[in-house]
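Q: Could we go through this model together, taking one feature at a time and asking how each is to be read?

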Amino acid sequence: MSTWSSLWPAQQGGQSPLHAWLLRLATLSGALGGAVILTVALIVTVSVVMRNVGLRGITGDFELVQMSCVYAAGLFLPLCQLNKGHVMVDLFTNWLPEKVVARIDQFWTFAFALAWACLFFFMFRGMEDIRAYDDRSMLLKIPMWWAFVPAIAGTGLSSLIALAQTFFWRDEITGPIGH
């Protein structure tokens, strides 16, 4: 076990307190993303049914679909990072020893952490600009800066998760502790 992972000893069940805490946050974030998609799917279904029976559909349903996709994408990011659900191409590393592959994987996980942190920073700055401009959607007049909030939260949490995966949950070969 590496010295980093010894800083956060595993509890019963093999997970450190940090891992359990980030797992709960990532799961909550993913569940919120799923709830957003489900809610908007129901709204669109009701709107389409209303139109098919001769009533006026729900005003701005397409705006809700657009916004919900942005919300859900941001909210799903932490769970994807936690599960290492990103596209990986190991065509060139299959022949390498496991320790070397583990170090390469650790390097790229750290690169993900830095990329998430940069996205977090630039999206936060973008949100400040959009909020100052007071840009709103056409029909529902939803402030456009609201779309940044789940994306900022998702990238920030993803960065923390990737940092934890890099420094706390790794041993020499097997990868994240508790998996």
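**Reading the helices and their packing**

A: Let us begin with one helix and its interior face: in this predicted model, the residues of H4 that count as buried are Ala-102, Gln-106, Thr-109, Ala-113, Trp-116, Met-123, Gly-126 and Met-127.

Q: Which helices do the buried residues of H4 pack against?

A: They pack against H3 and H5. H4 itself has 36 residues, and the span from its first C-alpha to its last is 52 Å, close to the 52 Å expected at 1.5 Å a residue.

Q: Before going further, how many helices and strands are there in the protein chain?

A: The protein chain holds five helices and zero strands, and its elements, taken from the N terminus on, run α-α-α-α-α. Of its 179 residues, 32% count as buried. Among the contacts between residues at least 6 apart in sequence, 73% join residues at least 24 apart.

Q: What describes the way two helices pack?

A: Two packed helices are described by the angle between their axes and by the distance between those axes. For H4 and H5 the angle is about 160°, and the axes are 8 Å apart. Since angles over 145 degrees count as roughly antiparallel, H4 and H5 are therefore roughly antiparallel to each other. The crossing in which H4 passes H5 is left-handed.

Q: At what angle do the axes of H3 and H5 cross?

A: The axes of H3 and H5 cross at roughly 5° and come within 7 Å. That makes H3 roughly parallel to H5.

Q: Which residues in H3 and H5 meet?

A: From H3 come Tyr-71, Gly-74, Leu-75, Leu-77, Pro-78, Gln-81 and Leu-82, which meet Pro-150, Ala-151, Gly-154, Thr-155, Leu-157, Ser-158, Ile-161, Ala-162 and Gln-165 in H5.

Q: Which residues of H3 are buried, and what covers them?

A: The buried residues of H3 are Asp-61, Glu-63, Met-67, Ser-68, Tyr-71, Ala-72, Gly-74, Leu-75, Pro-78, Gln-81 and Leu-82. What covers them includes helix H2 (17–52), helix H4 (98–133) and helix H5 (148–167).

Q: Where in H3 does a kink lie?

A: The kink, of about 30°, lies at Phe-76, shortly before the proline Pro-78. As for the span of this helix, H3 (residues 61–82) has 22 residues and reaches 32 Å from its first C-alpha to its last, which is close to the 32 Å expected at 1.5 Å a residue. Pro-78 also appears among the buried residues of H3 and among the residues in H3 that meet H5.

Q: How should one read the sign of phi, and where is Asp-134, with its positive value near 60°?

A: The general idea is that most residues other than glycine have a negative phi. Asp-134, a residue other than glycine, has a positive phi near 60°; Asp-134 follows H4 and lies in the loop between H4 and H5. With a relative accessible area of 43%, Asp-134 is partly exposed.

Q: Which residue other than glycine, besides that one, has a positive phi near 60°?

A: Lys-141 does, with phi near 60°, and Lys-141 likewise lies in the loop between H4 and H5. Elsewhere, just after H3, Lys-84 takes a positive phi of about 55°.

Notes:
Residues numbered from 1 in each chain as written. Predicted model: local features only at pLDDT ≥ 70, side-chain atom pairs only at ≥ 80, totals over all residues. Heavy atoms only, no water. Helix = DSSP H or I, 4+ residues; strand = E, 2+ residues; numbered from the N terminus. Expected span 1.5 Å × (residues − 1). Bend = angle between axes of the 7 residues up to and from the residue. Buried < 20%, exposed > 50% of the residue type's maximum accessible area, 1.4 Å probe, protein only. Contact = heavy atoms within 4.5 Å. Axes fitted to C-alpha atoms, helices over the stretch in contact; angles between N-to-C directions. Parallel < 35°, antiparallel > 145°, perpendicular 65-115°, else oblique. Left-handed = near helix turned anticlockwise from the far one by under 90°.
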